[in-house]
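Hi,

Here is the structure I said I would pass on. Have a look at it first, and my notes follow below.

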Amino acid sequence: MPQPVLDIVALRSLTAIADCGGFHRAAHSLALSQSAVSQHVRRLEKTLGSPVVEREGRGTRFTPEGRLLVEQARRILAVHDEAVRVLLDTEGDTVTIGSTEHAADQFLPRLTAAVQEVRPGCRVRFRIDRSARLVEAVERGSVDVAVYVTEAAATEGTPVGGLPLTWHATPGWVPPAAPAPVPLVAIEDPCAIRRRAIATLAAHGVAATVVGDAGYLAGVLDVARTGVGVALLAAVGPAPDGLSPYDGLPSVTPIPMSALARPGADPETVAAAFDAVRKLLRPAG
């Protein structure tokens, strides 16, 4: 039998659904129709022989197979895009921007606009990954500029502000009565925001236990949407589909963010990108 093949374009649509929180936003970010994105998902499901995304109310959730595919898709796309950049170099002026998953839907559009303002006509590539891997990619030169959680990487970079964090749960969610621990949903260790959630509750004498975790933010959102627990999420931009801010737990201080540019990157581009992040993270008032 012929070896099954995972379509690169379809994988890009799948990761966009995970990063943007749904089909509509993914289609907008990719400049595609929503039906095209849906067709890409069906193509992947046909290849795998199982569903990867399911409708849940007005939102969507990834199946266990879907969450695994998203993880593998990120790796495939990172290697593919790096190979294209190194081997072909046919796209002229290209800037690769990296971002942690937290608030990526807010960081990336602003970074893109800032870069293209100082470099009109340049193409912008994206890489969404964990903070430590983003720093490694910048140091290798495969990412030009990255924004990430400072304490999640060994390299501090340039401080650009604090990412506000807010508890989120399904609308109307109520935690179990004390002394039962608060059920948490979080990205699997190592994760600075997971640690921040647990430490904040402990500092206020609130018992907590992690009832669900995932390798990526998309999985955390899927689990939180089932109503089994509360998640600590970035509080910039709209709340994820199916979740609402929950104010029944102690507030959490913003987590420091850093930006890093590869050696030799264009100074004007770097300055514009860093400033765009600072403006997003600047406290209101």
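Let me start with how the two halves of the story meet: 16 residues of domain 1 are in contact with 16 residues of domain 2. Domain 1 covers 8-88 and domain 2 covers 93-284, and their C-alpha centres sit 20 Å apart.

Keep in mind that this is a predicted model. The protein chain has an average pLDDT of 87, and 94% of its residues score at least 70. Among the elements, strand β9 (residues 230-234) has the highest mean pLDDT, at 95, while strand β1 (residues 53-56) has the lowest, at 78. As a general reminder, predicted coordinates should not be read in detail where pLDDT is low.

Now for the pockets. The largest pocket holds about 1300 Å³ of space. It is lined by 43 residues, and D19, L108, F126, R127 and I128 are the closest to its centre. Which elements give two or more residues to that lining? They are α1 (8-20), α2 (23-30), α4 (64-88), α5 (104-118), β4 (123-128) and α6 (131-140). Of these, α4 gives the most, with nine residues.

Where does the largest pocket lie relative to the domains? It lies between them, because domain 1 and domain 2 both give residues to its lining. If you are wondering about the chemistry of that lining, by class there are 19 charged, 14 nonpolar and ten polar residues.

The second largest pocket has about 240 Å³ of space. Its lining is made up of 17 residues, with R130, S131, A152, P190 and C191 closest to the centre. The elements that give two or more residues here are α6 and α7 (192-203), and α6 is also on the list for the largest pocket. By class, the lining of the second largest pocket divides into nine nonpolar, five charged and three polar residues.

One last residue to look at is E54, which is in strand β1. Is E54 buried, partly exposed or exposed? E54 counts as partly exposed, because its relative accessibility is 33% and that class runs between 20% and 50%. E54 and P240 are 186 residues apart in sequence, and their C-alpha atoms are 16 Å apart in space. When you look at E54, remember that its strand, β1, is the element with the lowest mean pLDDT.

Shout if you want to go through any of this together.

Cheers

Technical notes:
Residues are numbered from 1 along each chain as its sequence is written. This is a predicted model: local features need pLDDT of at least 70, side-chain atom pairs count only at pLDDT 80 or more; totals for chains, interfaces and linings use all residues. Side-chain values use heavy atoms; hydrogens and water are left out. pLDDT is the predictor's confidence in each residue, from 0 to 100. Helices (H or I, at least four residues) and strands (E, at least two) are DSSP runs, numbered from the N terminus. Buried means under 20% relative accessible area, exposed over 50%, partly exposed in between (1.4 Å probe, protein chains only). On a 1 Å grid over the protein atoms alone, a cavity is a set of points where a 1.4 Å probe fits but cannot get out, and a pocket is an open set with protein on both sides within 12 Å along at least five of seven lines; lining residues have an atom within 4 Å of a point. Grid points are joined across faces, edges and corners, and a volume is the space filled by probe spheres set on the points. Ala, Val, Leu, Ile, Met, Phe, Trp, Tyr, Cys and Pro count as nonpolar, Asp, Glu, Lys and Arg as charged, and the others, Gly among them, as polar. Domain bounds come from an automatic or database domain assignment. Contact means heavy atoms within 4.5 Å.
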